[in-house]
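Good morning, colleagues. I should like to walk you through a structure that is new to this group, beginning at its surface and then turning to its interior.

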Amino acid sequence: MLKISNLKKSFDQVTALDGLNLMLKQGNIYGLIGPNGAGKTTLMRICMGLLSPDSGSVQIFGYDALEHIEYVKESVGYMPDYFGQYENVKVNEYMEFYSAIYGMDTQYRKFWLELLDMVNLADKGDMYVDNLSRGMKQRLGIARCMVHNPTLLILDEPMVGLDPEGKCEIINVLNRLRQMGKTILLSSNVLNELEGACTQIGIIKNGVMKVEGTIDEILNEMNNSSPISITVLGDTHDAISVLRDHSNVTHISMKGDTLYVGFKGTKEQEAELLKSLALHNVSIVNFSRIRGSLENLFFEIASDSEERRKQHEDQSRLYERFKIKR
């Protein structure tokens with residue numbers, strides 16, 4: 001459906017995209033997530049032929065999107081991050097205007113009325129666009145993207161500035177569109193906005209894809225790499241001795257009577273570790289993986305590298321203090 005390969009784009013001395021790759025399969029909703037300035041809008045504008053890349057390729061349905069601009073306009077619906085101002089234009093007039101731009105004749109009136117119904121604006125046809133709430137304008141923007149019935153939708157931050165109710169309404173619209181067979185690429189700088197809609201997510205920073213996959217795949221990977229929390233009853237010395245000798249243990253830290261253990265291994269190896277602790281008469285109150293959080297992952301990627309370096313140094317001093325093997 002959409003394949004982006006090694007896409008690069010710079011503006012003067014600023015690199016917006018640095019060899020970015022992305023694959024979106026038909027019928028999926030892909031959430032492109034990153035902090036402001038990560039390159040999300042630049043990527044979408046290149047896909048729509050509004051910007052030219054320095055290098056790389058964009059393929060839509062197997063066509064080179066950079067060479068077949070007319071095909072892109074016919075098969076893709078685009079919603080920019082800025083809605084624009086429309087004075088003295090009613091909702092119905094707005095939809096009729098955009099239908100005419102795409103060469104749709106009056107018989108398409110029934111179709112765009114159905115679109116307004118889909119986004120819960122069927123009763124707002126006689127309202128002026130500039131009197132709509134922010135959430136209504138966002139939903140109207142999605143309906144406008146659909147006037148020519150495209151298969152692929154590219155939506156740049158469709159939930160920006162909305163309250164929780166407005167975001168929920170947009171998510172419901174996105175799920176309806178997917179049920180209709182539409183494929184969607186959308187962006188946000190807030191991860192939890194997209195968890196209820198996306199089948200895939202990609203976290204982008206400085207024009208580079210840092211993490212990509214389904215939400216379940218990413219959470220499973222995070223959970224497997226998250227520390228094991230072990231709370232013991234009494235002295236922790238015996239537990240630490242067992243853990244230090246285990247080949248899958250990468251590091252240990254301690255807070256009170258709870259040990260936080262970096263562990264690279266399978267569920268079966270986790271069970272063996274627990275069994276080994278029990279055989280050494282370690283009284284265990286709790287033994288569990290700390291559940292990974294997509295929000296924590298996003299903030300870790302988006303955070304400043306200097307801050308992460310300081311955290312690493314603090315952790316290293318903790319290892320040295322307890323003389324624990326990493």
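**From the surface inward**

On the surface, Phe97, Ile101 and Tyr102 make a nonpolar patch of about 300 Å². Of these, Ile101 has its place in helix 3, which covers residues 91–101. Please bear in mind throughout that this is a predicted model.

Let me now set that patch against the whole chain. The exposed area of the chain is about 16800 Å², and 46% of it is supplied by carbon and sulfur atoms. The chain has 326 residues, of which 46% count as buried. Its secondary structure comes to 11 helices and 14 strands. If we take contacts between residues at least 6 apart in sequence, 70% of them join residues at least 24 apart.

I turn next to the strands. Strand 13, residues 258–263, is largely enclosed by the rest of the structure, because five of its six residues are buried. Which strands pair with strand 13? One of them is strand 11, residues 228–232, which pairs with strand 13 in the antiparallel sense over four bridges. Within that pairing, Ser229 stands opposite Tyr260. The other is strand 12, residues 249–255, which also runs antiparallel to strand 13 and is joined to it by six bridges. Here Met254 has Leu259 as its bridge partner. Strand 12 and strand 13 form a hairpin with two residues between the strands, and in this hairpin Gly256 takes a positive phi near 65°.

Strand 8, residues 183–188, offers another view of the interior, through Thr183. With a relative accessibility of 0%, Thr183 counts as buried. Beyond its neighbours within four places in sequence, Thr183 is in contact with several residues, among them Met1, Leu24, Asn28 and Leu153.

For contrast, consider Leu51, in the loop between helix 1 and strand 4. Leu51 counts as partly exposed, at 23% relative accessibility. Setting aside residues up to four places away in sequence, Leu51 touches Phe11, Thr42, Arg45 and Ile46. Between Leu51 and Leu66, 15 residues apart in sequence, the C-alpha to C-alpha distance is 9.3 Å.

We come now to charged side chains. In general, side chains of opposite charge can pair when their charged atoms come close. How many salt bridges are counted here? The count comes to four, and I shall describe some of them.

In one, the side chains of Lys40 and Glu157 meet at 4.0 Å, N to O. Lys40 lies in helix 1 and Glu157 in the loop between strand 7 and helix 6, so this pair ties together parts that are 117 residues apart in sequence. Lys40 is buried, with a relative accessible area of 4%, and Glu157 counts as buried at 13%.

In another, Arg139 and Glu169 meet at 3.2 Å, N to O. This pair links distant parts of the chain, with Arg139 in helix 5 and Glu169 in helix 6, 30 residues apart. Arg139 is buried at 6% relative accessible area, whereas Glu169 is partly exposed at 24%.

A further salt bridge brings together Arg289 and Glu270, at 2.8 Å, N to O. Arg289 belongs to strand 14 and Glu270 to helix 9, 19 residues apart.

I close with the cysteines. How many disulfides are counted? The count comes to zero. Cys145 is buried, with a relative accessible area of 1%, while Cys168 counts as partly exposed, at 43% relative accessibility.

Conventions: Residues numbered from 1 in each chain as written. Predicted model: local features only at pLDDT ≥ 70, side-chain atom pairs only at ≥ 80, totals over all residues. Heavy atoms only, no water. Buried < 20%, exposed > 50% of the residue type's maximum accessible area, 1.4 Å probe, protein only. Contact = heavy atoms within 4.5 Å. Areas by Shrake-Rupley, 256 points an atom, 1.4 Å probe, with all protein chains shown as cover. Patch = residues over 30% accessible without salt bridge, like charges linked within 9 Å, V, L, I, M, F, W, Y side chains within 5 Å. Pairing = 2+ DSSP bridges. Disulfide = S-S within 2.5 Å.
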